[in-house]
Amino acid sequence: MPLDFTKHFVVVPTEFKLRNNTGCSWKVTVKLMNGRVTLDQGWATYAAVHQIKIGYMVTFKLLTPDTLKVIIFDDDGIEVVNKCGKHDEAFAAKE
């Protein structure tokens, strides 16, 4: 994520909920590396379940201090709408 992202926090959370365009939530852990926030555990599974491919653009909008809205666009710039499929229970966020 951009370096300026961390300026929105007194302390960067260790975990975020990712909420997609159909309202599903997914939890991922966060790692701070060289002043940059990176999504860690849970992100690879999220990307696989939501079929994010090379060439796709993924946007993140901070909704709450621990929730990011995720919008995925395919390589033609069309928003990808994913129904909540089979999520790994270890990472599905409880509401």
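# Close-up views of a predicted model

Read from start to end, the protein chain runs β-β-β-α-β-β-β, where helices (H or I, at least four residues) and strands (E, at least two) are DSSP runs numbered from the N terminus. This is a predicted model, in which local features need pLDDT of at least 70 and side-chain atom pairs count only at pLDDT 80 or more, while totals for chains, interfaces and linings use all residues. Residues are numbered from 1 along each chain as its sequence is written, and side-chain values use heavy atoms, with hydrogens and water left out.

**View 1. The whole protein chain, before we zoom in.** There are 1 helix and 6 strands to find here. Of the 95 residues in the protein chain, 32% are buried; buried means under 20% relative accessible area, exposed means over 50%, and partly exposed is in between (1.4 Å probe, protein chains only). The accessible surface comes to about 6,100 Å², and carbon and sulfur atoms own 55% of that (Shrake-Rupley method, 1.4 Å probe). Take the contacts (heavy atoms within 4.5 Å) between residues at least 6 apart in sequence: 48% of them join residues at least 24 apart.

**View 2. Inside the largest nonpolar core.** A nonpolar core is a set of buried Ala, Val, Leu, Ile, Met, Phe, Trp, Tyr and Cys residues joined through side-chain atoms within 4.5 Å. This one has 15 residues, and those touching the most other members are Met1, Phe5, Phe16, Leu18, Val28, Tyr46 and Leu68. Strands β1 (15-19), β2 (25-33), β3 (36-39) and β5 (67-73) each chip in at least two residues. Now pick out Tyr46: setting aside neighbours within four places in sequence, Tyr46 is in contact with Leu18, Asn20, Trp26, Ile52, Val70 and Ile72.

**View 3. The β2-β3 hairpin and its turn.** Strands β2 and β3 pair in the antiparallel sense over 4 bridges; two strands pair if DSSP finds at least two bridges between them. Met33 has Arg36 in β3 as its bridge partner. The two strands form a hairpin with 2 residues between them, and Asn34 in the turn has a positive phi of about 55°. Look at β3 itself and you'll find two faces: Val37 and Leu39 on the covered one, Arg36 and Thr38 on the uncovered one.

**View 4. A salt bridge between Asp40 and Lys31.** Side chains of opposite charge can pair when their charged atoms come close. A salt bridge here is a side-chain nitrogen of Lys or Arg within 4 Å of a carboxyl oxygen of Asp or Glu, and the count by this rule is 1. The side chains of Asp40 and Lys31 meet at 3.9 Å, N to O. Asp40 is partly exposed, because its relative accessibility is 32%. Lys31 is partly exposed too, at 37%.

**View 5. Strands β4 and β5 side by side.** β4 (residues 57-64) and β5 pair in the antiparallel sense over 7 bridges. A hairpin through 2 residues joins β4 to β5. Thr59 stands opposite Ile71 in β5.

**View 6. Gln51 in its loop.** Gln51 sits in the loop between α1 (43-49) and β4. Most residues other than glycine have a negative phi. Gln51 isn't a glycine, yet its phi is positive, at about 55°.

**View 7. Lys17 and Val28.** Lys17 belongs to strand β1 and counts as partly exposed, with 23% relative accessibility. Along the chain, Lys17 and Val28 are 11 residues apart, and their C-alpha atoms are separated by 6.4 Å.
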